[in-house]
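Here are some notes on one helix and one group of charged side chains. Please read them alongside the coordinates.

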Amino acid sequence: MNSFVHKTLVVELQAGVTDRFPVLAHLSYDPSDPFAVTLVFSHDGRVLARWQLDREMVTDGLTRPVGIGDVRLSPESRGVGQELRMEFLGEVRSDGGRHHAVVFAWAETVGEFLRETRRMVAPGREEVRVDDFLADVLAGS
């Protein structure tokens, strides 16, 4: 049995108003951090960005707009399929603005990934090892 769930898919990074460019998105889920989904975006072997998102937020983003602050997710129709629109606000630039990226993924593929995570750890069955966490913090790890 796999100890984690991983899926790599091609997503589209929006540049400008209409142009989109393909990049890879690596989604991963580790049951030892049961509330989080990690997304790593890469292109030509370079990591462009790494985000850790709330699993339930990603699930909700497939059906309705969610998120405030640095991450916003929403469903969007495109032709014959449904997409998940992911908007990320990053670090402050030297001109005072913030880095900003909009990425589109096929909602069905993200939904399949989330179903696999729920088979591994069902919602409401997540366990957080607070004692282990506190021991690490107190030990200075």
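1. The model is predicted. A convenient place to start is Glu83, which forms a salt bridge with Arg78, with 3.4 Å between the closest N and O atoms. Arg78 is partly exposed, its relative accessible area being 36%. Glu83, in contrast, has a relative accessible area of 2%; because buried means under 20%, Glu83 counts as buried.

2. Glu83 also forms a salt bridge with Arg20, and here the closest N and O atoms are 2.9 Å apart. This pair joins distant parts of the chain, since Glu83 lies in strand 6 and Arg20 in strand 2, with their positions 63 residues apart. Arg20 has a relative accessibility of 22% and is therefore classed as partly exposed.

3. Arg20 has a further partner in Glu12, and the closest N and O atoms of that salt bridge are 2.9 Å apart. Glu12 is partly exposed, at 25% relative accessible area.

4. Taken together, Glu12, Arg20, Arg78 and Glu83 form a network linked by salt bridges. As general background, side chains of opposite charge can pair when their charged atoms come close. The count of salt bridges for the model is nine.

5. Turning to helix 2, does its length fit the expected rise, and what are the two values to compare? Helix 2 covers residues 107–120, which is 14 residues, and at 1.5 Å a residue it should span 20 Å. The C-alpha atoms at its ends are 20 Å apart, so the expected span and the model agree.

6. Which residues of helix 2 are buried? They are Ala107, Val110, Gly111, Phe113, Leu114 and Thr117. Viewed down the axis of helix 2, these buried residues fall within an arc of 160°, so they line one face of the helix. The spacing has a general basis: an α-helix has 3.6 residues a turn, so residues three or four places apart point the same way.

7. On the face of helix 2 turned away from the buried side sit the exposed residues Glu108 and Arg119.

8. What covers the buried residues of helix 2? The cover includes strand 1 (5–15), strand 2 (19–29) and strand 3 (36–43), along with helix 1 (55–61), strand 6 (81–92) and strand 7 (98–106). Strand 2 and strand 6, which are among these elements, also hold Arg20 and Glu83 respectively.

How values were computed. Residues are numbered from 1 along each chain as its sequence is written. This is a predicted model: local features need pLDDT of at least 70, side-chain atom pairs count only at pLDDT 80 or more; totals for chains, interfaces and linings use all residues. Side-chain values use heavy atoms; hydrogens and water are left out. Helices (H or I, at least four residues) and strands (E, at least two) are DSSP runs, numbered from the N terminus. The expected span of a helix is 1.5 Å times one less than its number of residues. Buried means under 20% relative accessible area, exposed over 50%, partly exposed in between (1.4 Å probe, protein chains only). The arc is that of the directions from the helix axis to the C-beta atoms. Contact means heavy atoms within 4.5 Å. A salt bridge is a side-chain nitrogen of Lys or Arg within 4 Å of a carboxyl oxygen of Asp or Glu.
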